[in-house]
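Visitor: Please take me through one part of this model at close range. I would like to see how the aromatic side chains sit in their surroundings.

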Amino acid sequence: MKYIHFADSNRLAPGQGHLDFPKIMNSLFQAHYDGWVSVEILPKPDPDTAARQSAEFLLPLIHAYNERRAEVLPIIVS
């Protein structure tokens, strides 16, 4: 896989429905996923708010994911 589209169970911004995104991120980590993540959601209550809600919810999960990956990736010294 090269990219994943996220939306919550109700097609709203992640964190606005019932999906367990930390569990999803853990599954992606276990699968060694290193592709893109985007959101494909309904623009409710409006596009700017939906985008902000998505970013505020997902960015901490993405940062934690990247920190976890950095802990297990080999360090290359040249």
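Guide: Start with the cluster that ring pairs build from Phe6, Phe21 and Phe57. Keep in mind that the model is predicted. Across the whole structure, a search finds three aromatic pairs. Phenylalanine 6 and phenylalanine 21 form one of them, with an edge-to-face geometry. Their ring centres lie 5.2 Å apart, and the planes meet at 75 degrees. Phenylalanine 6 belongs to strand S1 and phenylalanine 21 to helix H1. The pair links distant parts of the chain, 15 residues apart.

Next, burial. Phenylalanine 6 counts as buried because its relative accessibility is 5%, under the 20% cut-off. Phenylalanine 21 has a relative accessibility of 1%, so this residue counts as buried too.

Phenylalanine 21 also pairs with phenylalanine 57, again edge-to-face. Here the centres are 5.8 Å apart, with 80 degrees between the planes. Phenylalanine 21 sits in helix H1 and phenylalanine 57 in helix H2, so this pair ties together parts that are 36 residues apart in sequence. Phenylalanine 57 counts as partly exposed, because its relative accessibility is 29%.

Now widen the view to the core. The largest nonpolar core has ten residues: Ile4, Phe6, Phe21, Met25, Leu28, Phe29, Tyr33, Leu58, Leu61 and Tyr65. At least two residues of this core come from each of strand S1 (3-6), helix H1 (21-30) and helix H2 (47-72). H1 gives the most, with four residues. Such a grouping has a general background: nonpolar side chains tend to be buried together in soluble globular proteins.

Look along S1 next. Ile4 and Phe6 point to one face and are buried. Tyr3 and His5 point to the other face and are not buried. The general rule is that side chains in a regular strand alternate between the two faces of the sheet.

S1 has a partner strand. S1 and strand S2 (residues 36-39) run parallel and are joined by four bridges. Opposite isoleucine 4 in S2 stands valine 37. Opposite histidine 5 stands serine 38, also in S2. Together, S1, H1 and S2 make a right-handed β-α-β unit.

Two more core members deserve a stop. Tyrosine 33 touches Met1, Lys2, Tyr3, Ile4, Leu28, Tyr65 and Arg69, leaving out residues up to four places away in sequence. Among these contacts, Ile4, Leu28 and Tyr65 are listed, and these three are also members of the core. Phenylalanine 29 has a charged neighbour: arginine 68 lies over the face of the ring, 3.7 Å from its centre.

Now the loops, beginning with the one between S1 and H1. Histidine 18 is found there. Histidine 18 is exposed, because its relative accessible area is 75%. Apart from neighbours within four places in sequence, histidine 18 is in contact with Asp8 and Ser9. Aspartate 8 is ten residues away from histidine 18 in sequence, and their C-alpha atoms are 6.7 Å apart. Arginine 11 is found in the loop between S1 and H1 as well. Its phi is positive, near 70 degrees, in a residue other than glycine. Arginine 11 is partly exposed, with a relative accessible area of 41%.

The loop between H1 and S2 holds histidine 32. Histidine 32 is not a glycine, yet its phi is positive, about 60 degrees. Histidine 32 is exposed, with a relative accessible area of 65%.

One loop remains on this route. Proline 45 lies between S2 and H2. A cis peptide bond joins lysine 44 to proline 45, with omega of about 5 degrees.

Finally, step back to the whole chain. The chain has two helices and two strands. From the N terminus on, its elements run β-α-β-α. The C-alpha trace spans about 50 × 20 × 20 Å along its principal axes. Of the 78 residues in the chain, 23% are buried. Among contacts with a separation of 6 or more, 66% come from residues 24 or more positions apart. The pair of phenylalanine 21 and phenylalanine 57, 36 residues apart in sequence, is where H1 and H2 are tied together in the cluster.

Technical notes:
Residues are numbered from 1 along each chain as its sequence is written. Side-chain values use heavy atoms; hydrogens and water are left out. A nonpolar core is a set of buried Ala, Val, Leu, Ile, Met, Phe, Trp, Tyr and Cys residues joined through side-chain atoms within 4.5 Å. Buried means under 20% relative accessible area, exposed over 50%, partly exposed in between (1.4 Å probe, protein chains only). Contact means heavy atoms within 4.5 Å. Two strands pair if DSSP finds at least two bridges between them. A crossover is right-handed if, with the strands pointing away from the viewer, the path from the first strand over the helix to the second runs clockwise. Rings of Phe, Tyr and Trp (its six-membered ring) pair if their centres lie within 6.5 Å; planes under 30 degrees apart count as stacked, over 60 as edge-to-face and the rest as tilted. A charge sits over a ring if NZ of Lys or CZ of Arg is within 6 Å of the ring centre and within 35 degrees of the ring normal.
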